[in-house]
Amino acid sequence: MLLDRVTGESREVDVIIISNTASYQVHLSLEVVAWSRPADTPWIEKMYAKHQNLATDKLILVSESGFSKPALRKAEFLGIETLTVEEACGADWPMIAALEGSGVFDVVTMNFDVAAVCQFSCGTKEQLPIPATDIVPTRLGPMSMDAFVRRLLNTDLVQDTVRAHVKGGEERSCHLSYTDANGLWKIDDGARSGEILELLVGLKVVRTTSPVRYAAGKFRSVPFVSGMSTEPAGLLQFVLARNPDGSSSGYLIDSSGLRSLSSSA
């Protein structure tokens with residue numbers, strides 16, 4: 001039940017999903033019909049009018065028999081999500097609630113170069129650039145330097161630190177130092193040998209926030225959320241799917257090209 005702000009009455013809503021996002025609650029309200037015919041425009045308008053005075057952040061309408069084409073156009077115009085019963089049962093509601101709560105898709109782009117502080121057996125210490133294609137041994141097996149650094153940059157600590165210091169629309173330059181108590185890697189270029197003591201990662205960070213319109217669906221039993229920016233100047237498209245371990249992954253297309261997305265459980 002949700003309280004009508006005008007009449008003070010408690011109004012019945014078929015399904016209410018509440019998610020705590022940041023410092024406030026997000027209410028996703030679902031209304032369902034099981035008609036033998038597709039839901040029509042008057043029902044869309046009736047539900048829209050009802051929820052104008054309720055604490056509904058996002059209205060989602062579900063119809064067992066689908067929707068007429070005019071009804072779909074009206075729902076899109078009013079910003080209402082429309083789902084079949086099958087789509088509603090397979091939707092990833094926590095992911096949808098998170099998107100609804102923020103209202104934007106927050107993207108951090110990091111371009112980087114890598115150098116290594118090397119200690120050679122002859123006693124000299126030098127800082128040398130490392131190509132992104134160089135292969136290094138890791139606990140997960142051989143990995144390119146590019147892949148290794150990206151794993152570091154995708155950790156929650158680095159991502160949270162960047163978001164705390166770089167605002168939307170800003171570009172910042174910064175440096176990341178990575179060491180290991182047991183040392184990093186041995187090196188031998190044929191003429192001299194030694195070990196890498198420290199990785200120095202030079203970062204250029206750009207953060208963009210784009211208002212998005214999204215839709216939920218299900219493909220081969222996997223719930224997903226896809227969307228695109230609502231600002232023509234900031235073209236952005238994305239798709240996110242929930243993995244079996246609770247994490248999410250997908251792809252993003254923006255002015256920087258095609259990129260993969262991932263988040264922890």
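In which strand is Ser29 placed? I began my notebook with this residue, and I found Ser29 in strand E4. I keep in mind throughout that the model I am reading is a predicted one.

**Entry: Ser29 and Thr56**

I looked up the accessibility of Ser29, and at 0% relative accessibility the residue counts as buried. Its side chain makes a polar contact with the side chain of Thr56, at 2.9 Å. Setting aside the neighbours within four places in sequence, I listed the residues in contact with Ser29 as Leu2, Val13, Val15, His51, Thr56, Lys58, Leu59 and Ile60.

I then followed the contact to Thr56, which lies in the loop between H1 and strand E5 (58-63). Thr56 has a relative accessibility of 18%, and because the cut-off for buried is under 20%, Thr56 counts as buried. The side chain of Thr56 also has a polar contact with the side chain of His51, at 2.8 Å. With neighbours within four places in sequence left aside, Thr56 is in contact with Leu2, His27, Ser29 and His51. I noted that Leu2 and His51 appear in the contact list of Ser29 and also in that of Thr56.

**Entry: helix H1**

His51 led me to helix H1, which covers residues 41-51, and I wrote down its buried residues as Thr41, Trp43, Ile44, Met47, Lys50 and His51. At the N-terminal end of H1 I found a cap formed by Asp40, one of whose side-chain oxygens lies 3.2 Å from the backbone nitrogen of Trp43.

**Entry: salt bridges**

How many salt bridges does the structure hold? I recorded eight, and I looked at three of them, with the general point in mind that side chains of opposite charge can pair when their charged atoms come close.

The pair I took up first was Lys50 with Glu31, whose closest N and O atoms are 2.8 Å apart. This salt bridge links distant parts of the chain, since Lys50 belongs to helix H1 and Glu31 to strand E4 (residues 24-33), 19 residues apart. Are Lys50 and Glu31 buried or exposed? Lys50 is buried, with a relative accessible area of 15%, and Glu31 is buried as well, with a relative accessible area of 4%.

I turned next to Glu126 and Arg192, which form a salt bridge with the closest N and O atoms 2.7 Å apart. This pair, too, links distant parts of the chain: Glu126 sits in strand E8 (residues 125-129), while Arg192 sits in the loop between strand E12 (186-188) and strand E13 (193-219), 66 residues apart. Glu126 counts as partly exposed at 28% relative accessibility, and Arg192 counts as partly exposed at 28%.

For Arg11 and Asp4 I noted a salt bridge whose closest N and O atoms are 3.6 Å apart. Here Arg11 is partly exposed, with a relative accessible area of 29%, whereas Asp4 counts as buried at 5% relative accessibility.

**Entry: second largest pocket**

How much space lies in the second largest pocket? I noted about 380 Å³. The pocket is lined by 14 residues, and those closest to its centre are Thr138, Arg139, Phe148, Leu152 and Tyr178. I asked which element gives the largest share of the lining, and I found helix H5 (residues 145-153), with three residues. Sorted by class, the lining of this pocket has eight nonpolar residues, three polar residues and three charged residues.

**Entry: Val225**

I also looked up Val225, which is found in strand E14 (residues 222-229) and counts as buried at 0% relative accessibility. Val225 and Val239 are 14 residues apart in sequence, and I noted a C-alpha to C-alpha distance of 5.7 Å between them.

**Entry: the protein as a whole**

I closed with the overall figures. The secondary structure comes to six helices and 17 strands. The protein has 265 residues, of which 37% are buried. Taking the contacts between residues at least 6 apart in sequence, I found that 53% of these join residues at least 24 apart.

Key. Residues are numbered from 1 along each chain as its sequence is written. This is a predicted model: local features need pLDDT of at least 70, side-chain atom pairs count only at pLDDT 80 or more; totals for chains, interfaces and linings use all residues. Side-chain values use heavy atoms; hydrogens and water are left out. On a 1 Å grid over the protein atoms alone, a cavity is a set of points where a 1.4 Å probe fits but cannot get out, and a pocket is an open set with protein on both sides within 12 Å along at least five of seven lines; lining residues have an atom within 4 Å of a point. Grid points are joined across faces, edges and corners, and a volume is the space filled by probe spheres set on the points. Helices (H or I, at least four residues) and strands (E, at least two) are DSSP runs, numbered from the N terminus. Ala, Val, Leu, Ile, Met, Phe, Trp, Tyr, Cys and Pro count as nonpolar, Asp, Glu, Lys and Arg as charged, and the others, Gly among them, as polar. Buried means under 20% relative accessible area, exposed over 50%, partly exposed in between (1.4 Å probe, protein chains only). A polar contact is a pair of N or O atoms within 3.5 Å; within protein, one must be able to donate a hydrogen and the other to accept it, and residues adjacent in sequence count only if both atoms are side-chain atoms. A salt bridge is a side-chain nitrogen of Lys or Arg within 4 Å of a carboxyl oxygen of Asp or Glu. Contact means heavy atoms within 4.5 Å.
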